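Open the model in your viewer and keep the sequence beside it. The tour below goes from one selection to the next and says what is there.

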Amino acid sequence: MLELLLAAALAFLSPDAEGSYLYRTQLVRAAPGELLELIDLYNDRVTVFDAAGEERPFIMRHSQGDQWDLLLLYPIGSLADYYSQERMARRETAAANADVPLSAFKRAVDERVAWREDLFVMGPDLDVVKSHFEGAGYFHVEMFIALPGMREKLIEERRMENAYLEGIERPQNLIFTRVSGAAWDSYTLGFYRDLKHYAASADIPNERKEESAVAAGFEGADYIGSYLRTLIQLHHDTLATAVH
């Protein structure tokens with residue numbers, strides 16, 4: 001019976017929550033006292049992306065949770081396209097014509113960064129990600145390392161949780177899965193207007209949460225977190241705000 005309920009719930013999920021578009025994710029912790037200067041460097045550099053015909057990175061700033069200060073999400077598309085001669089030539093030309101040479105920009109960033117981590121992921125189509133960022137000012141970032149043999153079940157749990165969120169009329173998370181780089185197997189992004197919008201789930205009746213959790217395939221609303229714990233060896237939560 002639960003299998004039928006889960007299948008029915010997943011059928012209503014937006015297929016846009018996942019995808020095969022490649023992104024580079026960079027987590028950055030600023031050197032003490034250098035965060036605002038680092039943000040300015042990244043913001044000033046977006047004109048070079050524009051000149052190269054590249055998509056600007058999406059940037060969010062840590063509010064509470066994990067150790068990083070900034071998460072930068074760079075749209076790539078595919079490695080074959082990204083490293084095509086035409087696209088590489090556009091980037092080289094834009095960098096050569098920039099007010100700040102690439103070498104100077106990298107040096108300025110290096111001087112202001114205490115730690116960084118890179119992860120290449122597959123995620124939803126770019127138009128989907130753009131539409132979620134529009135109007136969003138507050139984010140919930142959940143990053144996971146699965147237990148051995150549990151990676152596929154972890155992704156399925158993320159889908160189940162989206163089904164649960166759909167059932168209680170809460171925003172679904174976008175799902176990103178590891179291609180290469182850092183150890184994280186997957187992370188999800190939740191998009192909200194502000195802190196009040198994020199916290200609004202507290203007003204949803206427990207009976208409705210329970211019904212939606214069971215329909216999504218969980219034993220109940222209180223079992224969502226405990227089931228997730230059977231699949232993972234590491235889980236980092238971060239709340240973040242938009243950087244414009």
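Start by selecting Glu54, Asp81, Arg87 and Arg91, which a network of salt bridges links together. Keep in mind that this is a predicted model.

Within that selection, look at glutamate 54 and arginine 91. Their side chains form a salt bridge, with N and O 3.2 Å apart. Glutamate 54 sits in the loop between α2 (35–52) and β2 (58–64), while arginine 91 belongs to helix α4 (residues 85–96), so this pair ties together parts that are 37 residues apart in sequence. Are these two residues buried or exposed? Both glutamate 54 and arginine 91 are buried.

Next, show α2 and α4 as helices. In general, a packed pair of helices is described by an angle between the axes and a distance between them. Here α2 and α4 pack at about 135 degrees, and their axes are 8 Å apart. That angle makes α2 oblique to α4. Their crossing is right-handed. To see the contact, select Val48, Ala51 and Ala52 on α2, then Arg90, Arg91, Ala94 and Ala95 on α4. By class, the residues of this contact are five nonpolar, no polar and two charged. Arg91 of α4 is therefore a residue to notice twice: it is part of the contact with α2, and it is also in the salt-bridge network.

Keep α2 on screen and add α5 (102–110). How do α2 and α5 pack? The angle is about 155 degrees, with the axes 10 Å apart. The two helices, α2 and α5, are therefore roughly antiparallel to each other. α2 passes α5 in a left-handed crossing. Select Leu38, Leu41, Tyr42 and Arg45 in α2, which meet Leu102, Phe105, Ala108 and Val109 in α5. The contact of α2 with α5 has seven nonpolar residues, no polar ones and one charged.

Now step to the loop between α4 and α5 and select aspartate 99. With 81% relative accessibility, aspartate 99 counts as exposed. Add isoleucine 232 and draw a distance between the two C-alpha atoms: aspartate 99 and isoleucine 232 are 46 Å apart, with their positions 133 residues apart along the chain.

Two further salt bridges come next. In general, oppositely charged side chains can pair when their charged atoms come close. Select arginine 116 and aspartate 110, whose closest N and O atoms are 2.6 Å apart in a salt bridge. Arginine 116 is partly exposed at 37% relative accessibility, and aspartate 110 is partly exposed at 44%.

Then select arginine 159 and glutamate 18, whose side chains meet in a salt bridge of 2.7 Å, N to O. Arginine 159 is in helix α7 (residues 151–167) and glutamate 18 is in the loop between α1 (2–11) and β1 (21–30), so the pair ties together parts 141 residues apart in sequence. Arginine 159 counts as partly exposed, at 27% relative accessibility. Glutamate 18 is partly exposed too, with a relative accessible area of 27%. The structure holds 17 salt bridges.

For the last stop, go to the loop between α7 and β6 (174–181) and select glutamate 169. What is the phi of glutamate 169? Its phi is positive, about 60 degrees, although glutamate 169 is not a glycine. In general, most residues other than glycine have a negative phi. At 64% relative accessibility, glutamate 169 counts as exposed.

Methods: Residues numbered from 1 in each chain as written. Predicted model: local features only at pLDDT ≥ 70, side-chain atom pairs only at ≥ 80, totals over all residues. Heavy atoms only, no water. Salt bridge = Lys/Arg side-chain N within 4 Å of Asp/Glu carboxyl O. Helix = DSSP H or I, 4+ residues; strand = E, 2+ residues; numbered from the N terminus. Buried < 20%, exposed > 50% of the residue type's maximum accessible area, 1.4 Å probe, protein only. Axes fitted to C-alpha atoms, helices over the stretch in contact; angles between N-to-C directions. Parallel < 35°, antiparallel > 145°, perpendicular 65-115°, else oblique. Left-handed = near helix turned anticlockwise from the far one by under 90°. Contact = heavy atoms within 4.5 Å. Nonpolar A, V, L, I, M, F, W, Y, C, P; charged D, E, K, R; others polar.
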